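I'm opening a fresh page for this one. The plan is to look up the ligand site, then work through the strands and the helices beside them.

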Amino acid sequence: MSAEYILETQDLTKEFKGFVAVNKVNLRVRRGHIHALIGPNGAGKTTCFNLLTKFIRPTSGRILFNGQDITGESPAHIARRGVIRSFQISAVFPHLTVLENVRVALQRKLGTSFHFWRPERSLHTLDGRARELLHAVDLGEYAGHLAVELSYGRKRALEIATTLAMEPELMLLDEPTQGMGLEDVDRVRQLIKQVSADRTILMVEHNMSVVSSIADTITVLQRGATLAEGPYAEVSRNPAVVEAYMGSADAELVGAH
Ligand SMILES: Nc1ncnc2c1ncn2[C@@H]1O[C@H](COP(=O)(O)OP(=O)(O)OP(=O)(O)O)[C@@H](O)[C@H]1O
Ligand SMILES: [Mg+2]
């Protein structure tokens with residue numbers, strides 16, 4: 001257990017009625033890194049995320065955050081510790097403005113009572129912080145637009161802004177560029193790199209050009225188990241990884257970048 005690692009799992013395992021979806025995974029996420037979790041469809045990536053945020057309980061194994069055992073904690077506890085999973089797009093309120101969406105997230109972080117406490121001043125403070133966050137994700141000029149009017153990539157940027165509002169120490173992103181065109185992928189890729197400056201990011205990502213360009217460490221899962229872990233250059237040359245990706249839709253792993 002070292003301060004070097006913000007998150008560690010020890011033999012993390014999840015069985016669904018005898019089917020082992022996550023099999024003794026020992027994940028070690030280094031503080032300040034962008035860590036990517038990759039693997040073919042059904043490898044157990046989302047199940048891992050669900051275990052980390054306690055949406056589901058592990059069958060066995062332990063989860064340590066900053067050296068403390070959080071295996072038995074509730075999702076709310078874990079969020080309060082600063083482990084925040086990006087909201088799904090559906091969680092963006094479409095008929096609120098971009099600014100209002102971030103303000104709602106800030107209010108959630110502060111607790112609802114804040115809203116009634118010296119309302120004028122608090123709203124002002126929130127607006128200032130909300131604008132900062134929008135600026136950070138390059139949405140400053142969209143503050144007054146309705147969320148529903150944004151392009152897909154900008155909605156994702158807004159989702160990242162609302163996640164940042166929760167002040168995550170460890171930010172979990174499940175396929176942040178899924179379903180995006182090239183331009184939006186690049187926008188979100190740069191955005192993740194930018195917001196990683198003073199936090200740790202664990203992301204599930206299928207797009208290997210994104211993974212190879214921004215991830216410091218990659219863990220490859222296959223059928224629930226860790227197949228390889230290391231920097232992209234090393235992992236992409238690993239014969240077991242190459243074989244796992246052969247003939248799959250993810251064959252682009254080899255030689256991407
Ligand atoms: N609630 C559940 N009950 C039974 N089996 C499940 C459940 N959740 C996931 N699984 C199974 O566990 C395996 C891992 O699924 P998971 O969604 O974690 O994969 P993934 O790596 O995220 O895949 P993808 O790349 O397709 O998102 C799959 O075989 C899936 O069918
Ligand atoms: Mg998944």
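**Entry 1: ground rules.** I keep in mind that this is a predicted model.

**Entry 2: around the ligand.** I started with ligand 1 and listed its surroundings. I found Phe-16, Phe-19, Ala-21, Asn-41, Gly-42, Ala-43, Gly-44, Lys-45, Thr-46, Thr-47, Glu-175 and His-206. I sorted that shell by type and got 4 nonpolar, 6 polar and 2 charged residues.

Which elements supply at least two residues of the shell? I noted strand S2 (19-25) and helix H1 (45-52). H1 gives the largest share, with 3 residues.

**Entry 3: backbone to ligand.** Next I looked up backbone atoms facing oxygen atoms of ligand 1. For Gly-42, a polar backbone atom sits 2.9 Å from a ligand oxygen. For Ala-43, a backbone N or O atom is 3.1 Å from an oxygen of the ligand. Gly-44 also has a backbone N or O atom at 2.9 Å from a ligand oxygen. Then I checked how much of the ligand is covered: alone, ligand 1 exposes 650 Å², and the protein buries 59% of that.

**Entry 4: the six-stranded sheet.** I moved on to a sheet of 6 strands and wrote down its order as S7-S8-S9-S4-S10-S11. The sheet is open and its pairing is mixed. Why does one side of S7 and of S11 lack a neighbour in the sheet? Strand S7 (83-85) and strand S11 (225-230) are at the edges and have a single partner strand each, so one side of each has no neighbour there. I also looked up the twist: ignoring direction, neighbouring strands of this sheet are turned by 20° against each other on average.

**Entry 5: one edge and the helices on the sheet.** At the S7 edge, I found S7 running parallel to strand S8 (residues 170-174), joined by 3 bridges. Arg-85 has Leu-172 of S8 as its bridge partner. Helix H6 (residues 152-164) lies across S7 and S8, and I noted that it runs at about 155° to S8. Helix H7 (residues 182-195) packs on the sheet too, touching strand S4 (34-38), S8 and strand S9 (200-204). The direction of H7 makes about 150° with that of S9.

**Entry 6: what pairs with S1.** Strand S1 (residues 5-16) took up a page. I looked up its partners one by one.

- With strand S3 (residues 28-30), S1 runs antiparallel over 3 bridges, and Glu-8 stands opposite Arg-28.
- With strand S5 (residues 60-65), S1 pairs in the antiparallel sense over 5 bridges. Glu-8 turns up again here, with Leu-64 of S5 as its bridge partner, and Gln-10 stands opposite Arg-62.
- With S2, S1 pairs in the antiparallel sense over 4 bridges, and Leu-12 has Val-25 as its bridge partner.

S2 was familiar to me from the shell around ligand 1.

**Entry 7: two hairpins.** Last, I checked the turns. S1 and S2 form a hairpin with 2 residues between them. In that turn, Lys-17 has a positive phi of about 45°. S5 and strand S6 (residues 68-69) pair in the antiparallel sense over 2 bridges, with Leu-64 opposite Asp-69. They form a hairpin with 2 residues between the strands, and Asn-66 in the turn has a positive phi of about 50°. So much for this page.

Terms used:
Residues numbered from 1 in each chain as written. Chains lettered and ligands numbered in written order. Predicted model: local features only at pLDDT ≥ 70, side-chain atom pairs only at ≥ 80, totals over all residues. Heavy atoms only, no water. Near = heavy atom within 4 Å. Polar contact = N/O pair within 3.5 Å; in protein donor to acceptor, adjacent residues only side chain to side chain. Areas by Shrake-Rupley, 256 points an atom, 1.4 Å probe, with all protein chains shown as cover. Nonpolar A, V, L, I, M, F, W, Y, C, P; charged D, E, K, R; others polar. Pairing = 2+ DSSP bridges. Axes fitted to C-alpha atoms, helices over the stretch in contact; angles between N-to-C directions. Contact = heavy atoms within 4.5 Å.
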